[in-house]
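Welcome! Open your viewer, switch to a cartoon view, and follow along one selection at a time.

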Amino acid sequence: MRQIMMLLAAMLFTCCSSDSVVKAEPASVQNAAKTLVVYYSYTGNCREIVNSLTAQIEADVLEIQPAEKGLKYEANNYALGTQLLNAIKANPNDASSYPAIDPVTVNLDDYQNVIIVTPLWWNQMAAIMQTYLFQNSAKLAGKTVAMIVSSHSSGISGVVADAQRLLPNVTWAGDALWIDASNHSNRSSLIQNWLPTQNFKTTSDMTQKLYLTIGGVTKTATLVSNSSTEALVAQLQQGNITYEAHDYGNFEKVGALGYTFPENNEQINTVPGDLILYQGSNLCIYYDTNSWNFTRIGKLDNMTQADIKTWVNAGGDNVSVTLSISEPTGISQVKADDVKSKAYTLQGTLAQAGHKGIVIQNGKKIIR
């Protein structure tokens, strides 16, 4: 059994099947409870699916790893694959029938919702994922479970049947999502449309916004759905991004983010408030119109052109922009300052002479 992993990639390239997806009655996902995404990936397809999934929901992630490491893919080991799956089918209640996996330390008691992401082998669930579900069947009992299956072209009813056999005491959230070679590139949209059928709330449903702070004044933007924003959100989950933006062309403030993200370029006629990714690494905040081939990120919420121009200091000096997916928490520092320069109210408008109260001046909050 030491060479069992040699068939893994080959199993993804199975022939077309007319299988129909086994239907499940939708259950109510407990959105207030924590969600765990459990996945196994050999070629990387399931890992890409998980990245697209976790850009749209709040969840922890657990990757299942085989105990056998370093085994190379050989395309002709179909017999070995059949032997592995037949061993499980012959003795599905015997732990020794399942291939060994690395120990898992995640405490399932911390989660009520679980999403399984697994590849398909020969119309069955990948043996590595079967091992995890077999070992944790009792711990998963009573939880709400959803599933995404990746295959080359074969239908997934056999995988659904394996899941139902291995997890007889869970509540299935709804029908499994099937992502194959023909639609893998559209996985983000497929997941976005599938999540509501499982009663999962997406980050957009939970009013997740992109928060942009300039000179102590924070504005929100609504993000579009594409791989660029997914990657941006994933990076922002690691921490805020602060960059310096300069004026360009009398229509935008633009600056290098320090990271490179996927591009989804299209011909766009911008309007004030558009957020645009340029060359994968520059974020543009538009305060006027332009036309070019680039990637749409989102749009500022409820701001007039005049508001935007004042906020970004249109036509003026560089500004420091901080991006976040969490709302900043109020005023961090207030102090008196005698520096004579332009000052702005907390609403982002120019503070007139004689204005009393808290203003933003030289990037600081001060009291007049």
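Before the first stop, a word on pairing: two strands count as paired if DSSP finds at least two bridges between them. Keep in mind as you look around that this is a predicted model.

**Stop 1: strand β11 and its first neighbour**

Select residues 252-256, which form strand β11. Four of its five residues are buried, leaving the strand mostly covered. Now add residues 241-248, strand β10. The two strands run antiparallel and are joined by three bridges. To see one pairing up close, pick Y248: its bridge partner in β11 is E252.

Next, look at the turn of this hairpin, where three residues sit between the strands. Click on G249 there, and you will find a residue with a positive phi near 65°.

**Stop 2: another partner for β11**

Select residues 282-286 to bring up strand β14. β14 pairs with β11 in the antiparallel sense, over five bridges. Which residue of β14 stands opposite V254? Highlight C284 to find it.

**Stop 3: a buried lysine**

Stay in strand β11 and show the side chain of K253. Is K253 buried or exposed? Its relative accessible area is 0%, and since buried means under 20%, K253 counts as buried. Where does a side chain like this find polar company? Select D317 and look at its backbone oxygen, which the side chain of K253 reaches at 2.7 Å. Then add N313, whose backbone oxygen lies 3.3 Å from a polar atom of the K253 side chain.

**Stop 4: helix α7**

Move on to residues 187-194, helix α7. Colour R187, S188, I191 and W194, which are buried. Turn the view to look down the axis of α7: its buried residues fall within an arc of 130°, so they line one face of the helix. What covers them? Show α2 (45-54), β3 (113-121), β5 (144-150), β7 (177-179) and α8 (227-236), which are among the elements doing so.

**Stop 5: a proline in a loop**

For the last stop, select P92, in the loop between α3 (78-90) and β3. With a relative accessible area of 24%, P92 is partly exposed. Setting aside residues up to four places away in sequence, P92 touches Y98, F134 and R165. Try a distance label between the C-alpha atoms of P92 and F134: they are 8.8 Å apart in space, although 42 residues separate them in sequence.

Note on methods:
Residues numbered from 1 in each chain as written. Predicted model: local features only at pLDDT ≥ 70, side-chain atom pairs only at ≥ 80, totals over all residues. Heavy atoms only, no water. Buried < 20%, exposed > 50% of the residue type's maximum accessible area, 1.4 Å probe, protein only. Polar contact = N/O pair within 3.5 Å; in protein donor to acceptor, adjacent residues only side chain to side chain. Arc of directions from axis to C-beta. Contact = heavy atoms within 4.5 Å.
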